[in-house]
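Subject: Structure for your review

Dear colleague,

I am handing over the structure we spoke about, and I would be grateful if you could look through it alongside the notes in this message. The sequence and the structure come first, and the findings come after.

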Amino acid sequence: MASFEPAVQSKKQISQAVEQDRANVWHHLSQHSVYQNQDPMMMVRGEGSKVWDINGKCYLDASAGGVWCVNVGYGRESISKAISEQLTQLNFFAGTAGTLPAAEFAEKLLEKMPGMSRVYYASSGSEANEKAFKIVRQIAHLKYGGKKHKILYRERDYHGSTIGTLSATGQEERRKQYGPFAPGFVEFPHCCEYRSQFGDVDNYGILAAKELEKAILREGPDTVGAVILEPITAGGGVITPPEGYWQEIQAICKKYQVLLHIDEVVCGLGRTGKWFGYQHYGIKPDIVTLAKGVASSYAAISCVVTTEEIFEEFIAEPRDRDAYFRDISTFGGCTAGPAAALENLRILEDEKLVENSAKMGDYLLQGLQDLQKRHALIGDVRGKGLLLGLELVSDLAAKTPVAETVSAQVAAKCMQKGLIIGRTNRSFTFFNNTLCLCPILTLTEQEADFIIDTLDEVFSELA
């Protein structure tokens with residue numbers, strides 16, 4: 001792949017920048033002892049689907065920024081311009097008041113979400129999910145004397161890095177050493193058909209959904225206020241729901257008056273080949289949370305989107321000091337976020353990137369399935385749109401997961417060849433064995449072929 005002349009020119013300047021990083025920056029998800037013997041990676045430029053490191057090496061980014069978020073790609077001058085113009089006019093005002101970009105983006109976003117009617121702004125996916133939890137808890141107090149406050153979550157789903165959202169995260173290594181956790185959060189089993197809890201059955205989706213009902217009945221329906229679910233589990237292994245699963249989940253929620261909260265932080269804004277992941281399944285959520293792809297990470301923004309029924313739970317006489325949603329997000333008042341989100345939405349529409357996500361997702365999925373036929377290391381291929389996963393096993397018949405070191409080795413070899421992919425990373429005790437592909441939504445056939453060919457080379461080398 002092509003290189004470019006780094007903005008930092010001399011070897012001395014490159015060395016200085018690396019040492020500044022090594023001495024002063026605390027990297028995410030990193031054991032810093034490794035930097036005693038190797039330089040930390042530093043990215044300095046991006047354009048389209050490609051990024052360049054400080055040494056000028058080029059990579060095709062099939063991780064959308066490393067954490068599933070740069071949906072429309074790098075170097076979008078029109079988004080930068082929209083942010084700049086808005087910040088010059090008004091950079092911030094607290095969310096107690098409105099702003100022009102926030103009002104306009106809310107309207108345009110809701111046009112893509114029939115049945116939803118209100119947008120509450122915050123600045124990260126974790127924060128958005130915290131807000132949703134607070135909505136559920138406050139409704140419990142306003143309507144049920146505080147009793148219907150429990151929030152159920154699914155094994156293998158991830159909902160954020162705060163103590164509250166980790167309390168609702170079904171990944172044991174992500175939670176490790178951070179307890180004790182907030183009370184009132186209850187886990188129920190996953191829906192990964194490849195790892196069926198019921199053996200070889202023809203109604204796995206219904207059986208998996210019934211695990212939610214079992215949890216509700218075990219806790220007591222009068223104590224359960226909501227369930228939070230990813231439409232497609234992302235970092236937990238790219239788990240697509242089995243047939244019939246979501247329809248049964250919806251029916252169970254209605255039966256026991258449990259609010260359905262869909263976490264679209266990864267799946268939202270075209271990632272899965274529809275505007276939102278839940279729209280593949282014909283369900284009607286009460287709460288939807290959004291973040292990463294909302295502005296393709298050109299600015300920090302997240303949204304809690306609710307139905308009018310949820311919103312109206314907080315409408316009361318002005319003299320009632322407790323009835324309104326008593327929450328605030330400081331940086332939810334930044335105007336850069338909705339300004340960037342408006343231009344991001346225009347790009348998605350005008351360039352038909354949601355449609356491209358569906359089309360190229362099918363193309364890439366077929367290529368990965370062809371790889372599966374040739375490489376015994378690949379146990380399962382799954383996903384929707386440009387959110388795809390390959391679960392690696394050491395024994396196809398027994399479905400024995402490979403050690404995490406194997407999937408890490410695959411990712412490292414891909415990077416050496418100029419391809420950045422993701423993987424389940426220190427999330428589970430046994431199942432850190434899924435490679436995760438989350439390319440930029442502008443993906444072309446040529447780029448998809450590069451992903452497939454690179455993986456093919458790496459698997460052949462490891463064989």
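What follows goes through the cores, the cysteines, the aromatic rings and three residues in loops.

Please keep in mind throughout that this is a predicted model, and that the values below were computed from it.

To begin with the interior, the largest nonpolar core has 107 residues, and those with the most contacts inside this core are Cys 303, Val 305, Leu 364, Ile 421, Leu 437 and Leu 455. Leaving aside neighbours within four places in sequence, Val 305 is in contact with a set of residues that includes Leu 109, Leu 110, Met 113 and Met 116, as well as Asp 286, Ile 287 and Val 288. Apart from the largest core lies another one, of 18 residues, among them Ile 135, Tyr 153, Ala 168 and Ala 226. As a general point, nonpolar side chains in soluble globular proteins tend to be buried together.

You may want to know about the cysteines: how many disulfides does the structure hold? There are zero, and two of the cysteines can serve to show the distances involved. The sulfur of Cys 191 has its closest cysteine sulfur in Cys 192, and because the two are 7.5 Å apart, they are too far from each other for a bond; Cys 191 is buried, with a relative accessible area of 2%. For Cys 303, the closest cysteine sulfur is that of Cys 334, at 13 Å, which is likewise too far for a bond, and Cys 303 counts as buried at 0% relative accessibility.

Turning to the aromatic residues, the structure holds seven aromatic pairs. In one of them, the rings of Phe 198 and Tyr 204 have centres 5.7 Å apart and planes at 55 degrees, so this pair is tilted. Phe 198 is partly exposed, with a relative accessible area of 27%, whereas Tyr 204 counts as buried at 2%. Tyr 120, Phe 314 and Phe 325 form one aromatic cluster. Charged side chains also sit over rings: Arg 45 lies over the face of Trp 52, at 4.3 Å from the ring centre, and the charged end of Arg 156 is placed over the ring of Phe 428, 5.0 Å from its centre.

Three loop residues complete the account. Ser 329, in the loop between helix H10 (308–312) and helix H11 (336–350), counts as buried at 6% relative accessibility, and a polar contact of 2.7 Å joins its side chain to that of Glu 127. Beyond four places in sequence, the residues in contact with Ser 329 include Tyr 120, Tyr 121 and Lys 131.

Thr 307 lies in the loop between strand E10 (302–306) and H10 and is buried, with a relative accessible area of 7%. Not counting residues up to four places away in sequence, Thr 307 touches Gly 115, Met 116, Ser 117, Pro 285 and Asp 286.

Lys 417, finally, has its place in the loop between helix H13 (404–416) and strand E14 (419–420), where it is partly exposed, with a relative accessible area of 29%. A polar contact of 2.8 Å joins the side chains of Lys 417 and Glu 461, and, with neighbours within four places left aside, Lys 417 is also in contact with residues including Lys 57, Phe 450 and Thr 454.

With best regards

Definitions and conventions:
Residues are numbered from 1 along each chain as its sequence is written. This is a predicted model: local features need pLDDT of at least 70, side-chain atom pairs count only at pLDDT 80 or more; totals for chains, interfaces and linings use all residues. Side-chain values use heavy atoms; hydrogens and water are left out. A nonpolar core is a set of buried Ala, Val, Leu, Ile, Met, Phe, Trp, Tyr and Cys residues joined through side-chain atoms within 4.5 Å. Buried means under 20% relative accessible area, exposed over 50%, partly exposed in between (1.4 Å probe, protein chains only). Contact means heavy atoms within 4.5 Å. A disulfide is a pair of cysteine sulfur atoms within 2.5 Å. Rings of Phe, Tyr and Trp (its six-membered ring) pair if their centres lie within 6.5 Å; planes under 30 degrees apart count as stacked, over 60 as edge-to-face and the rest as tilted. A charge sits over a ring if NZ of Lys or CZ of Arg is within 6 Å of the ring centre and within 35 degrees of the ring normal. Helices (H or I, at least four residues) and strands (E, at least two) are DSSP runs, numbered from the N terminus. A polar contact is a pair of N or O atoms within 3.5 Å; within protein, one must be able to donate a hydrogen and the other to accept it, and residues adjacent in sequence count only if both atoms are side-chain atoms.
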